Amino acid sequence: MLSIETQNIESKRVLPIIGSQLGIWLADQISPLKNGYLVAHYVELSGALDVDCLRRAIRLGLSEADTLHARFLETELGPMQQLPIDIDAADLPDAEYLDLSANEDPVASALALMQADLAEAQPADSGAVLYRH
(Lines give C-alpha, C1' and ligand atoms only; values in the text may rest on other atoms or scores of the structure.)
Protein backbone atom coordinates (compact mmCIF):
# COMPACT_ATOMS: atom_id res chain seq x y z
CA MET A 1 0.00 0.00 0.00
CA LEU A 2 1.34 3.42 -1.00
CA SER A 3 1.53 5.94 1.80
CA ILE A 4 2.34 9.59 1.15
CA GLU A 5 2.89 11.87 4.11
CA THR A 6 1.62 15.38 3.64
CA GLN A 7 2.03 18.51 5.70
CA ASN A 8 -0.43 21.38 5.78
CA ILE A 9 1.09 24.85 6.03
CA GLU A 10 -1.64 27.45 6.46
CA SER A 11 -3.74 27.06 3.30
CA LYS A 12 -1.27 24.86 1.40
CA ARG A 13 -0.39 21.15 1.21
CA VAL A 14 3.26 20.19 0.96
CA LEU A 15 3.78 16.88 -0.83
CA PRO A 16 6.81 15.02 -2.09
CA ILE A 17 7.27 15.14 -5.84
CA ILE A 18 6.76 11.72 -7.36
CA GLY A 19 7.35 9.76 -10.53
CA SER A 20 8.15 11.82 -13.56
CA GLN A 21 7.98 15.04 -11.52
CA LEU A 22 11.36 14.15 -10.04
CA GLY A 23 12.86 13.82 -13.53
CA ILE A 24 11.40 17.17 -14.55
CA TRP A 25 12.69 18.76 -11.34
CA LEU A 26 16.21 17.40 -11.80
CA ALA A 27 16.32 18.35 -15.49
CA ASP A 28 15.13 21.86 -14.62
CA GLN A 29 17.86 22.22 -12.01
CA ILE A 30 20.66 21.56 -14.51
CA SER A 31 19.13 23.06 -17.66
CA PRO A 32 20.53 26.40 -18.80
CA LEU A 33 17.21 27.27 -20.51
CA LYS A 34 14.78 26.81 -17.59
CA ASN A 35 11.86 26.44 -19.96
CA GLY A 36 12.14 22.92 -21.38
CA TYR A 37 8.72 21.82 -20.16
CA LEU A 38 6.66 24.80 -21.22
CA VAL A 39 3.80 24.18 -23.62
CA ALA A 40 1.56 26.57 -25.53
CA HIS A 41 -1.60 26.40 -27.57
CA TYR A 42 -4.27 28.73 -28.78
CA VAL A 43 -7.96 28.47 -29.49
CA GLU A 44 -9.52 30.24 -32.42
CA LEU A 45 -13.02 31.48 -31.61
CA SER A 46 -15.35 32.74 -34.29
CA GLY A 47 -18.62 34.55 -33.93
CA ALA A 48 -19.87 36.71 -31.09
CA LEU A 49 -17.92 36.33 -27.87
CA ASP A 50 -19.17 36.96 -24.35
CA VAL A 51 -15.80 37.99 -22.87
CA ASP A 52 -17.05 38.06 -19.26
CA CYS A 53 -18.50 34.57 -19.57
CA LEU A 54 -15.27 33.27 -21.13
CA ARG A 55 -13.21 34.84 -18.36
CA ARG A 56 -15.41 33.23 -15.69
CA ALA A 57 -15.08 29.84 -17.41
CA ILE A 58 -11.28 30.20 -17.55
CA ARG A 59 -11.11 31.14 -13.86
CA LEU A 60 -13.31 28.16 -12.96
CA GLY A 61 -11.17 25.77 -15.00
CA LEU A 62 -7.97 27.14 -13.46
CA SER A 63 -9.42 26.82 -9.96
CA GLU A 64 -10.00 23.11 -10.56
CA ALA A 65 -6.48 22.42 -11.89
CA ASP A 66 -4.46 22.54 -8.70
CA THR A 67 -1.23 21.47 -10.39
CA LEU A 68 -1.19 24.78 -12.28
CA HIS A 69 -0.86 26.49 -8.91
CA ALA A 70 1.93 24.23 -7.65
CA ARG A 71 5.08 25.69 -6.25
CA PHE A 72 8.22 23.60 -6.11
CA LEU A 73 10.81 23.96 -3.40
CA GLU A 74 13.92 22.31 -2.08
CA THR A 75 13.65 21.10 1.52
CA GLU A 76 15.78 19.06 3.89
CA LEU A 77 13.65 16.09 2.79
CA GLY A 78 14.37 16.80 -0.89
CA PRO A 79 12.28 18.51 -3.56
CA MET A 80 8.66 19.04 -2.60
CA GLN A 81 5.58 20.55 -4.19
CA GLN A 82 3.30 22.99 -2.45
CA LEU A 83 -0.33 22.97 -3.57
CA PRO A 84 -3.11 25.27 -2.42
CA ILE A 85 -5.78 23.49 -0.36
CA ASP A 86 -8.67 25.51 -1.73
CA ILE A 87 -8.69 27.77 -4.77
CA ASP A 88 -11.65 30.07 -5.27
CA ALA A 89 -12.25 30.95 -8.92
CA ALA A 90 -13.40 34.43 -7.87
CA ASP A 91 -9.95 35.11 -6.39
CA LEU A 92 -8.10 34.40 -9.64
CA PRO A 93 -7.26 37.26 -12.01
CA ASP A 94 -9.24 37.81 -15.19
CA ALA A 95 -7.81 36.32 -18.34
CA GLU A 96 -5.99 38.74 -20.57
CA TYR A 97 -8.17 39.48 -23.60
CA LEU A 98 -6.36 39.96 -26.89
CA ASP A 99 -8.48 40.36 -29.99
CA LEU A 100 -6.07 39.64 -32.83
CA SER A 101 -8.74 39.48 -35.53
CA ALA A 102 -7.82 42.92 -36.94
CA ASN A 103 -4.18 41.96 -37.40
CA GLU A 104 -3.01 41.25 -40.93
CA ASP A 105 -2.29 37.64 -39.94
CA PRO A 106 -4.06 36.86 -36.64
CA VAL A 107 -2.70 33.31 -36.45
CA ALA A 108 0.88 34.49 -36.96
CA SER A 109 0.31 37.15 -34.29
CA ALA A 110 -0.94 34.53 -31.81
CA LEU A 111 1.96 32.23 -32.60
CA ALA A 112 4.47 35.07 -32.15
CA LEU A 113 3.04 35.86 -28.70
CA MET A 114 3.23 32.19 -27.74
CA GLN A 115 6.81 31.88 -28.99
CA ALA A 116 7.80 34.92 -26.94
CA ASP A 117 6.27 33.31 -23.84
CA LEU A 118 8.01 30.01 -24.55
CA ALA A 119 11.37 31.75 -24.95
CA GLU A 120 11.26 33.18 -21.42
CA ALA A 121 12.96 31.38 -18.55
CA GLN A 122 10.45 29.72 -16.25
CA PRO A 123 12.30 27.71 -13.61
CA ALA A 124 10.12 25.20 -11.77
CA ASP A 125 11.13 26.71 -8.44
CA SER A 126 10.64 30.37 -9.42
CA GLY A 127 7.31 30.77 -7.65
CA ALA A 128 5.90 32.38 -10.80
CA VAL A 129 2.43 31.54 -12.06
CA LEU A 130 2.63 28.36 -14.14
CA TYR A 131 0.11 29.48 -16.72
CA ARG A 132 -0.73 32.42 -18.91
CA HIS A 133 -4.11 32.78 -20.49
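## Why do we call it that?

Modeller: Let's start with a pair you can find on screen: Arg13 and Asp66 bring their side chains together in a salt bridge, at 3.2 Å from N to O. Arg13 sits in strand β2 (residues 12-16) and Asp66 in the loop between α2 (51-63) and β3 (71-75), so the pair, 53 residues apart, links distant parts of the chain. Keep in mind that this is a predicted model.

Colleague: What makes the contact of Arg13 and Asp66 a salt bridge?

Modeller: The cut-off is a side-chain nitrogen of Lys or Arg within 4 Å of a carboxyl oxygen of Asp or Glu. Arg13 and Asp66 come to 3.2 Å, N to O, so the pair is called a salt bridge.

Colleague: And are those two residues buried or exposed?

Modeller: Neither word fits. Buried needs under 20% and exposed needs over 50%. Arg13 has a relative accessible area of 23%, so it is called partly exposed. Asp66, at 28%, gets that label too, because 28% lies in between.

Colleague: How many salt bridges turn up in the whole structure?

Modeller: A search of everything gives two. Besides the pair we began with, the side chains of Asp94 and Arg59 meet at 2.3 Å, N to O. This pair also links distant parts of the chain: Asp94 belongs to the loop between β4 and α3, Arg59 to helix α2, and they are 35 residues apart.

Colleague: Why is Arg59 called buried, while Asp94 is called partly exposed?

Modeller: Put the values against the cut-offs. Arg59 has a relative accessible area of 14%, which is under 20%, so it counts as buried. Asp94 has 46%, between 20% and 50%, and is therefore partly exposed.

Colleague: Let's stay in the loop between β4 (78-84) and α3 (106-119), where Ile87 lies. How do you know whether Ile87 is buried or exposed?

Modeller: Its relative accessibility is 17%. The limit for buried is under 20%, so Ile87 passes.

Colleague: Which residues does Ile87 touch?

Modeller: Leaving aside neighbours within four places in sequence, Ile87 is in contact with Ser63, Asp66, His69 and Leu92. You've met Asp66 already, as the salt-bridge partner of Arg13. The C-alpha atoms of Ile87 and Ala65 are separated by 9.2 Å, with their positions 22 residues apart along the chain.

Colleague: Asp86 lies in that loop too. What makes Asp86 exposed?

Modeller: Asp86 has 68% relative accessibility, and exposed means over 50%, so the label follows. From its C-alpha atom to that of Glu64, 22 residues away along the chain, the separation is 9.2 Å.

Colleague: Now the whole chain. What makes you say it isn't a compact globule?

Modeller: A compact globule of 133 residues would have a radius of gyration near 14 Å, but this chain has 18 Å. Its C-alpha trace spans about 55 × 35 × 25 Å along the principal axes. Buried residues make up 23% of the 133.

Colleague: Which elements does the chain have, and in what order do they run?

Modeller: There are three helices and four strands. From the N terminus on, the order is β-β-α-α-β-β-α.

Colleague: And how far apart are the mean positions of the positive and negative charges?

Modeller: They are 3 Å apart, taken over 8 positive and 21 negative charges.

Methods
Residues are numbered from 1 along each chain as its sequence is written. This is a predicted model: local features need pLDDT of at least 70, side-chain atom pairs count only at pLDDT 80 or more; totals for chains, interfaces and linings use all residues. Side-chain values use heavy atoms; hydrogens and water are left out. Helices (H or I, at least four residues) and strands (E, at least two) are DSSP runs, numbered from the N terminus. The radius of gyration is taken over C-alpha atoms; the globule rule is 2.2 Å times the number of residues to the power 0.38. Buried means under 20% relative accessible area, exposed over 50%, partly exposed in between (1.4 Å probe, protein chains only). Lys and Arg count as positive and Asp and Glu as negative; His and the chain ends are not counted. The place of a charge is taken as NZ of Lys, CZ of Arg, CG of Asp or CD of Glu. Contact means heavy atoms within 4.5 Å.
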